[in-house]
Amino acid sequence: MRIAILSNGTANYSTKRLVEEAEKKGHDVEVIKYKNCYASVTENRPVVMYKGKSLGRFDAIIPRIANSMTKYGTAILRQMEMQGLYTVSSSIAISRARDKIRAAQIMVRSGVPTPKTVFSRDTADIDGLIDEIGLPVIIKLAYGTHGNGVVLAESRKTAKSALQAFYITNEDGTSVLVQEFIEESAGTDIRAFVVGSEVVASMKRQSLDDEFRSNLHKGGEGMPVELTPEEERVAISASRAMGLNVSGVDLMRSNRGPLVLEVNASPGFGIEKITGANVAEKIIAYTEANAARKIKRDRVGA
């Protein structure tokens, strides 16, 4: 099977692992730096160019698109979808997961439990936003990642200052969310790595000192954790609601049960080192099985 991995390059750990596992199974793998691709949008002939020539046919695409390159990366992936290629996660699923406001709306509509969240486009009713949630509150940018663009406000004064700062520095004025603070889970969360309809690995992330964010990028510590059946069900439901076949679902354990904080469309593979799970092998197995089904359907329909 010929597999393309859309990535920033082979130096990326997750890309390395995917290449290793794919080659073990005898697949022909090519790492495509999507930021160096360009597309020819021509009627009835969608083409993606890379290194001066048109990309050949692939049996499957595994997208590993960075948050900062979402718009361009998903545009290239969409061009490949127009060619009829199988992709593990679709361009639209990745785009919706990257928009925290849209993701929150989709999850609530799908019945996925989440912390209470409000958003607004201006500072006209900051008091109303704060009153809707209650103090303390989490204030975050809709497109932040790795714990960046997130503030814990314990007082009304701090909340107002943070909201005003975010609105001033944010271009469109629409991308700030106010979310309830789950005190019983402060400084800890759970990452559930979902492939298809299965949680293939899970870890608990614990912040150091008094840091309320548990992200490993912020110095948090990870450890293996066993999920309850309800937590597994919620994680899989959240991934499915986003339309993602590979995702990292971030959960919090609250007094009212598991709550989904975020669904990551390109989760890191650091969870392999912490849990010992072979996440890359699970993704390759899922890819080959589903790409093979598509190839068979295409042949029958030809």
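Helix α1 tucks away Ser14, Thr15, Arg17, Leu18, Val19, Glu21 and Ala22 as its buried residues, where buried means under 20% relative accessible area, exposed means over 50%, and partly exposed covers what lies in between (1.4 Å probe, protein chains only). The model is a predicted one, in which local features need pLDDT of at least 70, side-chain atom pairs count only at pLDDT 80 or more, and totals for chains, interfaces and linings use all residues. Residues are numbered from 1 along each chain as its sequence is written, and side-chain values use heavy atoms, with hydrogens and water left out.

As for the helix itself, α1 has 12 residues and runs 17 Å from its first C-alpha to its last, close to the 16 Å expected at 1.5 Å a residue. That expected span is 1.5 Å times one less than the number of residues in the helix. Helices (H or I, at least four residues) and strands (E, at least two) are DSSP runs, numbered from the N terminus. After α1 comes Gly26, with a positive phi near 85°.

Now for the charged side chains. Side chains of opposite charge can pair when their charged atoms come close. Searching the whole structure turns up 18 salt bridges, each one a side-chain nitrogen of Lys or Arg within 4 Å of a carboxyl oxygen of Asp or Glu. One of them joins Glu272 to Arg17, with the closest N and O atoms 2.7 Å apart. This pair ties together distant parts of the chain, with Glu272 in helix α8 (residues 270-275) and Arg17 in helix α1 (residues 13-24), 255 residues apart. Glu272 counts as buried because its relative accessibility is 7%, and Arg17 does so at 11%.

A second bridge stays inside α1: Glu21 pairs with Lys24, their closest N and O atoms being 3.3 Å apart. The two sit 3 residues apart in the helix, about one turn. Glu21 is buried, with a relative accessible area of 4%, whereas Lys24 is exposed at 64% relative accessibility. Put together, Arg17, Glu20, Glu21, Lys24 and Glu272 belong to a network of salt bridges.

Another bridge turns up in helix α9 (residues 279-301), where Lys294 and Asp298 are 4 residues apart and so separated by about one helical turn. Their side chains meet at 2.8 Å, N to O. An α-helix has 3.6 residues a turn, so residues three or four places apart point the same way. Lys294 counts as buried at 18% relative accessibility, while Asp298 is partly exposed at 41%.
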